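This report describes a single protein chain, from its overall fold to selected residues. The sequence and the structure are shown first.

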Amino acid sequence: MIVNEDTKQQQVKSMETYLSPLVRNIPPSGIRKFFDLANGSKDIITLGVGEPDFTTPWHVREACVYSLERGMTAYTSNAGMIELREAISDYLNDNFKVAYDPKDQIIVTVGGSEAIDLALRALIVPGDEILIPEPCYVPYSPITSIGGGVPVGIETYAKDDFKLTAEALEAKITPKTKVLILCYPSNPTGSIMTYEDWLPIAKVVEKHDLIVIADEIYAELTYGQKHVSFSSIPGMMDRTILVSGFSKAFAMTGWRMGYVCAHPDLIAAMLKIHQYTIMCAPVMGQVAALEALKHGMEEKDRMVESYNQRRRLIVQGFQDIGLSCHEPKGAFYAFPSIASTGLSSEEFAHRLLLEAKVAAVPGTAFGASGEGFLRCSYATSVAQLTEALDRIGKFLHKLKQES
């Protein structure tokens with residue numbers, strides 16, 4: 001039977017009616033949608049994907065291979081191998097002065113993303129408002145909506161180094177507010193929060209009896225000063241769900257190894273969801289993560305120093321070609337302003353890709369407050385960054401000639 005295009009369209013429409021409206025109304029990722037345009041194009045320099053350009057260190061890969069050779073292919077405890085949870089506990093205590101009991105306060109997850117999803121699903125009652133400082137990591141708002149919550153953005157500004165302020169937080173709180181999501185060091189801005197920055201935030205959190213989800217996946221990637229975990233602020237330990245993982249600092253993105261730490265009551269709730277949906281994180285990935293924590297600190301430090309070199313290069317490069325850019329003190333992103341060009345972020349990024357062969361993410365992919373900015377990852381080689389800056393400079397010159 002020949003099916004014409006009209007019939008096909010009717011079939012597609014009828015199938016869409018089966019979908020949950022919550023899912024149907026969620027827009028696709030602004031990052032992935034944009035980079036689909038670059039897929040398959042030649043001579044593209046990509047400053048877009050938030051992924052280390054380093055390969056996972058050999059000894060970490062070797063530990064995984066050896067575990068397979070020994071036949072380690074079975075389930076682990078739902079919460080993860082106790083040896084790994086103990087190592088995570090020691091690591092957090094040694095490096096960030098936060099103490100979690102590995103027996104009942106830590107779950108090993110399939111990446112930090114699963115940990116965020118677990119936390120929100122365990123907390124949200126339909127209609128709860130979830131506060132999200134913006135610009136922000138793309139999935140926070142969609143995951144909130146899928147869980148029946150209401151995402152509420154809190155705009156942050158370049159003049160404040162994109163830091164969250166107590167005044168901005170207080171202004172968005174209503175009787176329906178339940179959770180505050182934090183991501184510092186920040187994706188996409190690279191901003192960080194100091195101990196002094198956190199204190200007034202903690203007062204507002206306590207005043208309004210909020211729970212905090214602290215996404216600290218970039219905790220190891222700071223430059224000039226050490227990361228301060230929100231859990232370490234007095235009175236915040238029990239109110240905070242700490243999310244992190246191995247993707248960024250240990251160059252293990254494809255391994256999908258993360259973890260979540262919290263009060264035992266919160267962990268027990270998240271564990272129920274985790275055991276019914278995931279069972280446990282893959283055992284060979286857990287073995288690799290354990291090896292990274294035990295013997296991977298030197299490689300981690302070398303990667304961080306390399307990112308720092310590239311950070312200085314790209315920030316100075318943007319300033320030299322006429323784009324203002326606040327100094328990112330964490331993660332591996334620069335967030336230059338392109339407002340002076342008169343183009344929207346989407347227009348600028350689209351033309352930059354087509355005309356200069358440089359792929360970067362429009363700031364609006366991270367929320368409306370990202371308008372006028374461009375996210376550029378510097379987790380790529382110095383040679384690539386230098387060439388990208390040269391191309392962007394020529395593109396800016398071309399724009400000036402057009403105006």
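Is Ala331 buried or exposed? In this predicted model, Ala331 is buried, with a relative accessible area of 0%. The residue belongs to the loop between helix 12 (297-320) and strand 9 (333-334). Beyond its neighbours within four places in sequence, Ala331 is in contact with Pro185, Ser186, Gly190, Tyr218, Leu221, Tyr223 and Tyr378. The C-alpha atoms of Ala331 and Thr189 are 8.4 Å apart in space, although 142 residues separate the two in sequence.

**Overall fold**

The chain contains 14 helices and 12 strands. Its radius of gyration is 22 Å, close to the 22 Å that the globule rule gives for 403 residues, so the chain is as compact as a globular protein of that length. Along the principal axes, the C-alpha atoms fill a box of roughly 65 × 60 × 55 Å. Of the 403 residues, 54% count as buried. Among contacts with a separation of 6 or more, 75% are between residues 24 or more positions apart; the pairing of Ala331 with Pro185 is a contact of Ala331 outside its neighbours within four places.

The exposed area of the chain is about 18,200 Å², of which carbon and sulfur atoms supply 53%. The chain carries 38 positive and 48 negative charges, and the mean positions of these two sets are 3 Å apart.

**Cysteines**

A disulfide is a covalent bond between the sulfur atoms of two cysteines. The structure holds 0 disulfides. For Cys183, the closest cysteine sulfur is in Cys136, at 8.2 Å, which is too far for a bond. Cys261 is likewise in no disulfide, and the nearest cysteine sulfur, that of Cys183, is 16 Å away. Both residues lie below the 20% cut-off for burial: Cys183 counts as buried at 10% relative accessibility, and Cys261 is buried with a relative accessible area of 0%.

**Backbone features in loops**

Most residues other than glycine have a negative phi, and most peptide bonds are trans. Where does the backbone of this chain have cis peptide bonds or a positive phi outside glycine? The table lists two cis bonds and two residues with positive phi.

| Site | Feature | Angle |
|---|---|---|
| Glu134 to Pro135 | cis peptide bond | omega about 0 degrees |
| Tyr184 to Pro185 | cis peptide bond | omega near -5 degrees |
| Arg256 | positive phi | phi near 55 degrees |
| Lys357 | positive phi | phi near 60 degrees |

Pro135 is placed in the loop between strand 3 (129-134) and helix 7 (140-146). Pro185 occupies the loop between strand 5 (177-183) and helix 9 (195-207). Pro185 is thus named twice here, since the residue is also one of the contacts of Ala331.

Arg256 lies in the loop between strand 7 (240-245) and strand 8 (257-261). With a relative accessible area of 31%, Arg256 is partly exposed. Lys357 is found in the loop between helix 13 (345-356) and strand 10 (358-359), and at 32% relative accessibility Lys357 also counts as partly exposed.

Note on methods:
Residues numbered from 1 in each chain as written. Predicted model: local features only at pLDDT ≥ 70, side-chain atom pairs only at ≥ 80, totals over all residues. Heavy atoms only, no water. Helix = DSSP H or I, 4+ residues; strand = E, 2+ residues; numbered from the N terminus. Rg over C-alpha atoms; globule rule 2.2 N^0.38 Å. Buried < 20%, exposed > 50% of the residue type's maximum accessible area, 1.4 Å probe, protein only. Contact = heavy atoms within 4.5 Å. Areas by Shrake-Rupley, 256 points an atom, 1.4 Å probe, with all protein chains shown as cover. Lys, Arg positive; Asp, Glu negative; His and termini not counted. Charge placed at Lys NZ, Arg CZ, Asp CG, Glu CD. Disulfide = S-S within 2.5 Å.
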